[in-house]
Amino acid sequence: MRAWQGDWRPALTGIALAAVALLSLSFAIRAAGLGWAGLTTDLTGLSRLFAADGRLSNAAIFGHMIPGAVITLLAPLQLFAPLRERHPRVHRWTGYVFFICALASAVGGTTYILVRGTIGGPLMDVGFAAYGVCVLAAAVQTVRHARARRFDRHREWALRLFFLAIGSWIYRAQYSLWYFFTGGLWMAPGFSGPFDQFQIFAFYVPYLIGLEVYFRLRRGAAPAGQATAG
Ligand code: HEM
């Protein structure tokens, strides 16, 4: 029974990661395309995020989408065990690319909030800026622990970073599912409906809480002396 479980867990994880990669691919490509368009052409009247007089805000918001697309694509790849185990150099270098793109995307998105603010107002400003800070912190901690060869802690932070990196896609996926099942219940213009307000935090906070619970259970189940520090 144990051997059976041991054989299937990596396979299921691989399938789940492949599903995330496939499902988020078109979002990442469209996001990178919009980012590139916003950086290279005048989108006045075509995108509400583009300001005719907003050099910094345009660079920040459209600039954050390209590294954002990169981390969405790299997130499942970084967790894919066969690649990590057979090609550790690739894992290391894509890890540094991931790190730089995570910082660039978080700084770009947060700069836009500081310069122009979000469409949803102060609550959305806070929720999205906090998301940016979480991405920054998780990227720094993941790399810091890897460099110090604290691999238990590296793995925990890498898992947090995974869910944060695909957070922008989760945000849209949750909206699509909600719209599909409810026809847009509690959604309102300007992201002012109850579901919109819930979504401001629901694309990353529940996943981070779920991970904390999982880490605690796992540490509790580990034999004495093997439990990992938080
Ligand atoms: C890293 C932290 C991030 C922060 C702080 C952030 C922040 C923001 C903000 C403030 C907006 C504008 C909200 C509005 O007023 O409508 C936005 C929009 C957007 N973000 Fe991010 N973002 C982050 C990560 C990402 C990632 C990883 C992607 C993945 C590609 C991404 C893709 C997009 C796209 C495509 C839009 C435009 C949505 C639309 O068309 O309305 N962002 N982001």
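Helix α2 supplies the largest share of the shell around the ligand, with seven residues; helices here are DSSP runs of H or I with at least four residues, strands are runs of E with at least two, and both are numbered from the N terminus. The model is a predicted one, with local features needing pLDDT of at least 70 and side-chain atom pairs counting only at pLDDT 80 or more, while totals for chains, interfaces and linings use all residues. Residues are numbered from 1 along each chain as its sequence is written, and side-chain values use heavy atoms, leaving out hydrogens and water.

In total, 26 residues surround the ligand, a residue being counted when one of its heavy atoms lies within 4 Å of the molecule. Arg48, His64, Ile119, Ser168 and Arg172 are the closest. Sorted by class, the shell has 15 nonpolar, nine polar and two charged residues (nonpolar: Ala, Val, Leu, Ile, Met, Phe, Trp, Tyr, Cys and Pro; charged: Asp, Glu, Lys and Arg; polar: the others, Gly among them).

Some of these neighbours make polar contacts, that is, pairs of N or O atoms within 3.5 Å. On the side-chain front, Arg48 has an N or O atom 2.8 Å from an oxygen atom of the ligand, and His64 has one 2.9 Å from a ligand nitrogen atom. Ile119 joins in through its backbone, where a polar atom lies 2.8 Å from an oxygen atom of the ligand. Two or more shell residues come from each of α1 (2-40), α2 (55-79), α4 (88-115), α5 (122-147) and α7 (167-182).

As for the fold, the protein has nine helices and zero strands, so the order from the N terminus simply reads α-α-α-α-α-α-α-α-α. The radius of gyration is 19 Å, close to the 17 Å that the globule rule gives for 230 residues, so the protein is as compact as a globular protein of that length. That radius is taken over C-alpha atoms, and the rule is 2.2 Å times the number of residues to the power 0.38. Along the principal axes, the C-alpha atoms fill a box of roughly 60 × 40 × 30 Å.

Buried residues account for 39% of the 230, where buried means under 20% relative accessible area, exposed over 50% and partly exposed in between, using a 1.4 Å probe and protein chains only. One of the buried residues is Gly193, at 2% relative accessible area, and it belongs to the loop between α7 and α8 (194-202). Gly193 and Gly120 are 73 residues apart along the chain, with 10.0 Å between their C-alpha atoms.

Technical notes. A polar contact is a pair of N or O atoms within 3.5 Å; within protein, one must be able to donate a hydrogen and the other to accept it, and residues adjacent in sequence count only if both atoms are side-chain atoms.
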